[in-house]
Structure formats: structure tokens, C-alpha cells
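Biologist: Thanks for sitting down with me. Could you put the model on the screen, and then we can talk through the fold and the charged pairs?

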Amino acid sequence: MDLGVVVAERQIEGRAPDGSPFEVVIRFGAPRPDPLSGNGDWECPHQIVGLGDEAVSAAYGVDSVQALLLSVYAVRIELAESGATLDWLGMPELGLTVAPDLSPRTRGSGRTGR
């Protein structure tokens, strides 16, 4: 599978069992219509470089947003299952999850992401 146009990339710090550092790079391609779907489904390709198998994989959804979100989720699972010691800015789950504050004081403020 081809990664296509890279729309997002993250560099993650890894630490080998002997303490030596290494880099892991995750890349997400632009969501695109799934050429094998007869229902108008979408695919979002992703790749993990630096942990061994660097093949491009994809996640699928009924629209581009679902395909993208499922692709991020798939990468989280692959990184967790790798058993590697990984870090990105000390963030839990390498900053690949978002749990927005949906309390009434923040809804409708027009502010997102901060």
C-alpha cells in the first residue's frame, strides 16, 4: 500500500533495553476513498518507522474522519504492543489521544485545542 501524501508526522523517542536512544517516526497519509469499497468507504494509511516492520497499513471508515481516527487508534495499539519504551514530551499514550473538556464553561467559547 502507498502512504500517499503525508498529512501528519510525529517523532517519538525510544529507549533500547541497554539504554541507547533511537527514534520512531509515525506518519499518517491523507484519508482517501477506499478503491475496493462498493459503499463509498474511506481508508487512511499510516506507517511506523523505527520499530522493525515499516510496511504501510491502513484503517477504514465510513467517511474520512472515521478512517483518520481509526488510523490513529491503530497506531496507538501497534506502538503499545511493540513493547518498546517510548516517550513523546512525557505525554501519556504519546499524545495520541484527546479528551477535551466539555464542561458548560468551555462549550461555545469558540476556543479549541488550548
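Biologist: Which pattern does the protein follow when read along the sequence?

Modeller: Keep in mind that this is a predicted model. The protein has one helix and six strands. Read along the sequence, these elements give the pattern β-β-β-β-β-α-β.

Biologist: How many salt bridges are there?

Modeller: Glu9 pairs with Arg27, and Arg32 pairs with Glu43. Glu93 and Arg76 also meet through their side chains. The count comes to three.

Biologist: How many residues apart in sequence are the parts tied together by Glu9 and Arg27?

Modeller: The side chains of Glu9 and Arg27 form a salt bridge, with N to O at 2.8 Å. Glu9 lies in strand E1 (residues 6-15) and Arg27 in strand E2 (residues 21-29), so the pair ties together parts whose separation in sequence is 18 residues.

Biologist: In the salt bridge of Arg32 with Glu43, is Glu43 buried or exposed?

Modeller: The closest N and O atoms of Arg32 and Glu43 are 2.8 Å apart. This pair links distant parts of the chain, with Arg32 in strand E3 (residues 32-33) and Glu43 in strand E4 (residues 42-49). Arg32 has a relative accessible area of 21% and is partly exposed. Buried means under 20%, and Glu43, at 5% relative accessibility, counts as buried.

Biologist: Which helix holds Arg76, the partner of Glu93?

Modeller: Glu93 and Arg76 meet in a salt bridge, N to O at 2.7 Å. Glu93 sits in the segment after strand E6 (85-87), and 17 residues separate the two in sequence; Arg76 belongs to helix H1 (residues 64-81).

Biologist: What relative accessible area does Arg76 have?

Modeller: Its partner Glu93 is partly exposed, with a relative accessible area of 45%. Arg76 is also partly exposed, and its value is 25%.

Biologist: Looking at the whole protein, what share of the 114 residues counts as buried?

Modeller: The accessible surface of the protein comes to about 7600 Å², with 54% of it belonging to carbon and sulfur atoms. The C-alpha atoms fill a box of roughly 45 × 45 × 20 Å along the principal axes. Of the 114 residues, the share that counts as buried is 25%.

Biologist: And how far apart are the mean positions of the positive and negative charges?

Modeller: The protein carries 9 positive and 16 negative charges. Taking the mean position of each set, the two lie apart by 13 Å.

Key
Residues are numbered from 1 along each chain as its sequence is written. This is a predicted model: local features need pLDDT of at least 70, side-chain atom pairs count only at pLDDT 80 or more; totals for chains, interfaces and linings use all residues. Side-chain values use heavy atoms; hydrogens and water are left out. A salt bridge is a side-chain nitrogen of Lys or Arg within 4 Å of a carboxyl oxygen of Asp or Glu. Helices (H or I, at least four residues) and strands (E, at least two) are DSSP runs, numbered from the N terminus. Buried means under 20% relative accessible area, exposed over 50%, partly exposed in between (1.4 Å probe, protein chains only). Accessible areas come from the Shrake-Rupley method with a 1.4 Å probe; for residues, only the protein chains shown count as cover. Lys and Arg count as positive and Asp and Glu as negative; His and the chain ends are not counted. The place of a charge is taken as NZ of Lys, CZ of Arg, CG of Asp or CD of Glu.
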